[in-house]
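Here's a quick briefing to read with the model open in your viewer. It walks through the strands and then the helices.

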Amino acid sequence: MKKYIFPALAIAAMMVSCNNSAPKMDEQPAAAGASTTGMKIAYVEVDSLMTQYTFAKDYSVTLEKKSNNARNTLTQKGNALQAAVNNFQQKLNNNGFQSREQAASVQNAIQRQQNDLQALQARLETELANETAKFNEALRDSLNNFLRAYNNDKKYDIILSKAGDNILFADKKYDITQDVINGLNKRYKPAKKADEKKAEDKKEEKK
């Protein structure tokens with residue numbers, strides 16, 4: 001089973017302007033100076049965003065649980081297949097089959113079991129990949145929507161993503177990461193747990 005590493009969001013550099021009201025923030029980044037070309041630039045640390053934005057943390061936990069469940073399922077079925085192979089080999093070595101046809105039948109059953117396991121692995125990996133893609137898209141949309149409103153007041157010409165060393169050097173005065181994280185977390189409303197939702201649905205039915 002492949003271990004899925006949730007990819008860091010690549011935030012597109014964007015020119016943003018819109019007429020929506022900008023959210024009010026508790027904390028403000030240090031004022032960003034203009035470059036020699038007159039452009040107002042800022043950047044967001046992707047690693048910090050992924051570890052401090054509550055939505056990203058919640059979804060990462062969900063993805064990790066699904067990955068672990070899939071891995072455990074494949075491990076159990078893989079162990080069962082290995083046990084069947086070992087039993088077949090032992091009986092074959094000890095002349096435990098009454099006929100070649102019986103041995104061939106058991107061997108075919110093991111082959112089907114192996115094929116089923118491979119198909120299951122492919123399906124689970126596809127489901128995890130799709131779920132991860134869904135997460136990345138939701139995260140990207142959440143960030144882009146926030147930045148459009150945020151930039152209505154800030155008026156940055158470009159907001160860049162900083163992940164690893166993709167930006168070799170940037171003065172901290174251009175860093176708006178914490179301000180963006182604060183704003184995203186204020187906007188974030190976690191989905192209610194399934195049990196809580198069921199309980200509320202039952203209350204509504206009784207009314």
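**Strands and helices at a glance**

Strands S1 (residues 41–45) and S2 run parallel, joined by 5 bridges. Keep in mind that this is a predicted model. Besides the strand pair, the points below cover helix H3 (residues 100–154) and the way H3 crosses helix H4 (residues 177–187).

**The strand pair**

- Going residue by residue, Val44 has Ser161 of S2 as its bridge partner.
- Next along, Glu45 sits opposite Lys162 in S2.
- S1 has 4 of its 5 residues buried, so the rest of the structure largely encloses S1.
- S2 (residues 158–162) also has 4 of 5 residues buried, so S2 is largely enclosed by the rest of the structure.

**Helix H3**

- H3 has 55 residues, and at 1.5 Å a residue they should span 81 Å.
- The end C-alpha atoms of H3 are 79 Å apart, which agrees with that expected span.
- Right after H3 comes Lys155, with a positive phi of about 65°.

**Where H3 meets H4**

- The H3 and H4 axes come within 10 Å and cross at roughly 115°.
- That crossing of H3 and H4 is right-handed.
- On the H3 side, the contact is made by Ser142, Leu143, Asn145, Phe146, Leu147, Ala149, Tyr150 and Lys154.
- H4 brings Asp179, Val180, Gly183, Leu184 and Arg187 to the contact.
- Sorted by class, the H3–H4 contact has 7 nonpolar, 3 polar and 3 charged residues.

How values were computed:
Residues are numbered from 1 along each chain as its sequence is written. This is a predicted model: local features need pLDDT of at least 70, side-chain atom pairs count only at pLDDT 80 or more; totals for chains, interfaces and linings use all residues. Side-chain values use heavy atoms; hydrogens and water are left out. Buried means under 20% relative accessible area, exposed over 50%, partly exposed in between (1.4 Å probe, protein chains only). Helices (H or I, at least four residues) and strands (E, at least two) are DSSP runs, numbered from the N terminus. Two strands pair if DSSP finds at least two bridges between them. The expected span of a helix is 1.5 Å times one less than its number of residues. Axes are lines fitted to C-alpha atoms, for helices over the stretch in contact, and angles run from 0 to 180 degrees between N-to-C directions. A crossing is left-handed if the near helix is turned anticlockwise from the far one by less than a right angle, and right-handed if clockwise. Contact means heavy atoms within 4.5 Å. Ala, Val, Leu, Ile, Met, Phe, Trp, Tyr, Cys and Pro count as nonpolar, Asp, Glu, Lys and Arg as charged, and the others, Gly among them, as polar.
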